[in-house]
Amino acid sequence: MTEQLAARETREVGRPRTRKEDARLVTGRTTWTDNITAPGLLHMAILRSPMAHARIEHIDVGPAGERPGVIAAFSGRDLADELGSLPCAWPVTADMVHPDHPPLAVDEVRYAGDPVAVVVARDRYAAADALEAVEVDYEPLPPVLDLEAALAEDSPLVHSDAGTNRCYTWPLTEGDYEGAMARADVVLRRRYTQQRLIPNAMEPRAVVVTPPSTGSAGSAADEYTVYSATQVPHILRIMLSQVTRVPEQKIRVIAPDVGGGFGSKLQVYGEEALALVLARRLGRPVKWTESRSEGYQATHHGRGQIQDIEIAATKEGKLLGLKVDLLADMGAYLMLVTPGVPLLGAFMYPGIYKMDAYAFRCTGVFTTRTPTDAYRGAGRPEATFAIERTMDELAAELGLDPVELRRRNWIGREEFPYTTIAGLTYDSGDYDAATDRALALFGYDDLRAEQRQRNAMGDRVRLGIGMSTYTEMCGLAPSRLLGELRYAAGGWEAASVRMLPTGTVEVVTGTSPHGQGHVTCWSQIAADVLGVPFEDVEVVHGDTRTAPQGMDTYGSRSLVVGGIAVHQAARRVVAKARKIAAHLLEADEDDLQFAQGTFSVKGSPEARRTIQEVAFAAFASHDLPEGMEPTINAECVLDPENFSFPHGTHLCAVEVDTETGRARIRSYVCVDDVGKVVNPMIVEGQVHGGIAQGIAQALYEEAVYDADGNLISGTMADYLVPSAADLPDFVTDRTETPATTNPLGVKGVGEAGTIASTPAVVNAVVDALRPLGITDVPMPCTPERIWRAVMDAQEAEEGAQ
């Protein structure tokens, strides 16, 4: 028993380690892209269209070139022969409309912020000042802003040569929905709008390119080194080669420490291609860093959907079928995964519920707004919002408690693995356990009693209770399934583990962290498998030369794909070391046991070799088994068999002042099940951050355009990002049902909080106002919108009397 306790205390996985990365990151003793400099460095500035839609009648960059400090200035036509179209890697249907997307507009601009010219100068201020000297004449064209109006035959066209604003229509049908609806006692219809959101990573986007003649220290003499604040250095390298026609082997991409992304840096941006082409043309290093207001226009947006939901059920609350008709705003162009984002949600609208039929249809629509693409959760928050809001609406329609309605329909713990009506196989879960724990922590029954009492008194400040019982599709990975969805790449991940002669360890990972804590978690995983100290593990990442293989970081895939690749590579190191240890100990491999970093012979514990001793023996190679190569290093390229499916229950209590419209979150409880936990502190941080972003969508954030297509929430003064003072304390807990599809039993956590929290908060707001006859408040549920909903309800009641 004492030995078991000692072993448990030495295990790293499950231990709340303080992150290795934090000391340098939080004190700024590190390298961000904007910190990077090089001899002869030039600075790039972009002139952006002030109009949402216009024809470029004339452009003259000559006057800008005459400004002090300016080296060169170019229009889109000047660089057209050197720049291809920016890539879209997800042609979701064979007939998808895919317009060219030039990094600099040539003939027409299609959103406010579309780049039209670039100036290169000796410093960033001279470059920015010279932009005002560029002369551009625009012929205004009608903006296209309303998704439904855009599909009308007489609508102005975003891309006239396409002949339509419809990008694609993608259906998914399982079962007989019409039959299910015919059998239903209740058919409920709702429309929800997912407002556009603007990512707000701590670090703005930035890129520095050094050409071969002035390559940075350590660069090959004939390669371009691209430093970028990106989530996807490996993908960026491939795509930059395609856009600029620089051979891939001549491009090295480095993602230094990256200050957040949330999907906004899962992208190949025109500024990165421009910097590479200009560094090639000018033969000098080129840097560009966006301003915050520039990023609001030019960094891709998230969400942007209209959801028409129809659900069919019996009077007892049994779900029979679900129908989803989705309009998805593509914006002006298709970026890296723009068309595929809403389809990630297609498989998640049924959530954790059993039903007989499902009909889904998504129509992608071009508009004259900033392109959309992945934003934390990417399609799954939208799906979870729709089904969880609808479940609350159905519960109200049937006179059932929202918890009870969910219990009657969700998948039971004894039914796993379970294939949903959308075709996904959930491997494990226990929705009862997570919900029961959350209800107890929340004090659900007491809050409902208080709510009834306050409603009976006609309290001005109403109490609302909202819930979200969610699951999500994590670990965007199985290459076969991605191929079936027409995604251009696979979902595998690579790792290598190197035991150095001195006994320390290097882990090389294809994932590229930007705040998630990979260095700490990967160190814990490798330390456990190898039996070496946590402090002796170094993690190498984010450089396509030192980590040449990888599919990078997004979609909550890092741990369940990249972390498992590290685990498997480390196991292969142990397997190699076992052969050498057996040779050195003159024993059969099967007679060796390995524990806490030491090989010993069964029955002869004094005959032993540490894995560090084996590593040095392999390096010296004086006495190795016949045919054994002098290394115990190992690699793994992992392609998982399935996604992973974390789940949980989030509960929110909101007090809504019916006179002012203010909604204040009084308490928030969540119990998540993310399988086995590698580092509880990191899980806690991911959940907290995710909930904050979900609450932000529910109550605060929205990208707003005027009738001409101008972004009028283009600064932090207009786009409301909540601070810590605006958020409640979170009560968090976990249940644990290990994943069955990977050896660590992990499931992923990076997006769970965002996916679950938004419907919990909005359900609470609507629950508070439902006694007044209000069944929806559009997001964000601002005081003005709540107040107007209350006023409209009062006017409707007075009109009915």
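**Notes on a predicted model: packed helices, strand partners and a few odd residues**

1. Helix α12 passes helix α21 in a right-handed crossing (the near helix is turned clockwise from the far one by less than a right angle; anticlockwise would be left-handed). Here, α12 covers residues 380-398 and α21 covers residues 752-769 (helices are DSSP runs of H or I, at least four residues, and strands are runs of E, at least two, numbered from the N terminus). Their axes come within 8 Å and cross at roughly 30 degrees (lines fitted to C-alpha atoms, for helices over the stretch in contact, with angles from 0 to 180 degrees between N-to-C directions). That angle is why α12 counts as roughly parallel to α21 (under 35 degrees; over 145 is roughly antiparallel, 65 to 115 roughly perpendicular, the rest oblique).

2. A quick word on the ground rules. This is a predicted model, where local features need pLDDT of at least 70 and side-chain atom pairs count only at 80 or more, while totals for chains, interfaces and linings use all residues. Residues are numbered from 1 along each chain as its sequence is written, and side-chain values use heavy atoms, with hydrogens and water left out.

3. Who touches whom between α12 and α21? From α12, the residues in contact (heavy atoms within 4.5 Å) are Arg 380, Pro 381, Thr 384, Phe 385, Glu 388, Arg 389, Asp 392 and Glu 393. Across from them, α21 brings Thr 754, Ile 755, Thr 758, Pro 759, Val 762, Asn 763 and Val 766.

4. Now turn to another partner of α21, helix α20 (residues 680-699). The axes of α20 and α21 come within 7 Å and cross at roughly 40 degrees. With that angle, α20 is oblique to α21. This crossing is right-handed. On the α20 side, the contact residues include Gly 690, Ile 691, Gly 694 and Ala 698. On the α21 side, they include Gly 753, Ser 757, Val 761 and Val 765. If you're colouring the model, note that Thr 754, Thr 758 and Val 762 are in the α21 list for α20, and they turn up in the α21 list for α12 too.

5. Next, have a look at strand β15 (residues 357-366). Is it covered or open? Mostly covered: nine of its 10 residues are buried (under 20% relative accessible area; exposed is over 50%, partly exposed in between, using a 1.4 Å probe and protein chains only).

6. β15 pairs with β7 (residues 166-174) through eight bridges, and these two strands run antiparallel (pairing takes at least two DSSP bridges between the strands). One place to check this by eye is Thr 173, whose bridge partner in β15 is Ala 359. With β14 (residues 319-331), β15 shares 10 bridges, and this pair runs parallel. Here you can look at Leu 327, which stands opposite Thr 363 in β15. Add helix α11 (residues 341-346), and β14, α11 and β15 make a right-handed β-α-β unit (with the strands pointing away from you, the path from the first strand over the helix to the second runs clockwise).

7. There's also an open sheet of four strands, in the order β21-β20-β19-β25, with mixed pairing. β21 (537-540) and β25 (634-638) are the edge strands, each pairing on one side only. From one strand to the next, the twist averages 15 degrees. Five bridges join β19 (residues 493-499) to β25, and the two run antiparallel; in that pair, Ala 495 stands opposite Cys 636.

8. The loop between β19 and β20 (505-509) holds Gly 503. Gly 503 counts as buried because its relative accessibility is 2%. Gly 503 and Gln 612 are 109 residues apart in sequence, but their C-alpha atoms are 4.3 Å apart in space.

9. Finally, some backbone oddities. Most residues other than glycine have a negative phi, and most peptide bonds are trans. Phe 416 and Pro 417 are joined by a cis peptide bond, with omega near -5 degrees; Pro 417 sits in the loop between α13 (402-407) and β16 (418-419). Met 779 and Pro 780 have a cis bond as well, with omega about -10 degrees, and Pro 780 is in the loop between α21 and α22 (783-800). Two non-glycines have a positive phi: Phe 262, at about 55 degrees, and Ala 378, at about 45 degrees. Phe 262 lies in the loop between β11 (251-254) and α9 (270-282) and is partly exposed at 28% relative accessibility. Ala 378, in the loop between β15 and α12, is buried at 8%.
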